[in-house]
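Work through the exercises below with the sequence and the model at hand. Each task is followed by a solution in steps.

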Amino acid sequence: MLATEEEVSSRTQALNPQKPLHLLFSGRLTKIKGVDDLLLVAQELRKLGVNFTLFICGDGDLQPYLEREISAQELSNYVKMLG
């Protein structure tokens with residue numbers, strides 16, 4: 001279920017640092033799915049200076065929370081809620 005170090009290295013060789021890394025979460029927006037950790041990941045990537053866009057697809061009870069926190073944490077340039 002997890003990529004090996006060799007697989008990660010192989011996949012990241014072709015990345016262009018000038019283009020944003022595109023990340024996607026798709027699923028129910030509930031705590032049990034770990035959705036509440038997505039914004040922590042986004043904050044850490046931003047601190048590290050990673051050029052990225054995180055797309056969140058789905059619906060659930062955490063949607064209003066995510067929308068509020070994206071705005072409050074000034075992540076709207078990095079995190080997009082697609083429904």
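Helices (H or I, at least four residues) and strands (E, at least two) are DSSP runs, numbered from the N terminus. The model is a predicted one: local features need pLDDT of at least 70, side-chain atom pairs count only at pLDDT 80 or more, and totals for chains, interfaces and linings use all residues. Residues are numbered from 1 along each chain as its sequence is written, and side-chain values use heavy atoms, with hydrogens and water left out.

**Exercise 1. The overall layout**

Task: State which order of helices and strands the protein follows along the sequence, and describe the protein as a whole.

Solution.
- Step 1. Count the elements: there are three helices and three strands.
- Step 2. Put them in sequence order, which gives the pattern α-β-α-β-α-β.
- Step 3. Take the dimensions along the principal axes: the C-alpha atoms fill a box of roughly 40 × 30 × 20 Å.
- Step 4. Find the share of buried residues. Buried means under 20% relative accessible area, exposed over 50%, and partly exposed in between (1.4 Å probe, protein chains only). Of the 83 residues, 25% are buried.
- Step 5. Look at the contacts, meaning heavy atoms within 4.5 Å. Among those between residues at least 6 apart in sequence, 77% join residues at least 24 apart.

**Exercise 2. Charges**

Task: Find how many salt bridges the structure holds, and compare the places of the positive and negative charges.

Solution.
- Step 1. Apply the criterion for a salt bridge: a side-chain nitrogen of Lys or Arg within 4 Å of a carboxyl oxygen of Asp or Glu. The structure holds one.
- Step 2. Name the partners: K31 pairs with D36, and their closest N and O atoms are 2.6 Å apart.
- Step 3. Check the surroundings of K31: with a relative accessible area of 56%, K31 is exposed.
- Step 4. Turn to the charges overall. Lys and Arg count as positive and Asp and Glu as negative, while His and the chain ends are not counted. Each charge is placed at NZ of Lys, CZ of Arg, CG of Asp or CD of Glu. The mean positions of the 9 positive and 11 negative charges lie 4 Å apart.

**Exercise 3. Two helices and their buried faces**

Task: Identify which residues of α2 and of α3 are buried, and say what covers them.

Solution.
- Step 1. In α2, the buried residues are L38, L39, A42 and L45. Seen down the axis of α2, these residues fall within an arc of 120 degrees, so they line one face of the helix. The arc is that of the directions from the helix axis to the C-beta atoms.
- Step 2. The cover over the buried residues of α2 includes β1 (21–26), β2, α3 and β3.
- Step 3. In α3 (residues 63–72), Q63, L66 and I70 are buried. Down the axis of α3 their arc is within 60 degrees, so these residues also line one face of their helix.
- Step 4. R68, S71 and A72 are exposed on the other side of α3.
- Step 5. The buried residues of α3 pack against α2 (38–47) and β3 (79–81).
- Step 6. Follow the chain past each helix. Just after α2, G49 has a positive phi of about 80 degrees. Just after α3, E74 has a positive phi of about 55 degrees, although E74 is not a glycine. E74 sits in the loop between α3 and β3 and is exposed, at 60% relative accessibility.

**Exercise 4. Two strand residues and one loop residue**

Task: Is T53 buried or exposed? Treat L24 and D59 in the same way, and list what each residue touches, leaving aside neighbours up to four places away in sequence.

Solution.
- Step 1. T53 lies in strand β2. Its relative accessible area is 12%, so T53 is buried. T53 is in contact with P20, L21, H22, L23, Y78 and K80.
- Step 2. L24 belongs to strand β1. Its relative accessibility is 61%, so L24 counts as exposed. L24 touches L54, F55 and C57. L24 and G58, 34 residues apart in sequence, are 11 Å apart in space, C-alpha to C-alpha.
- Step 3. D59 is in the loop between β2 (52–57) and α3. At 54% relative accessibility, D59 is exposed. D59 touches G27, R28 and L29. D59 and M81 are separated by 22 residues in sequence and by 9.6 Å in space, C-alpha to C-alpha.
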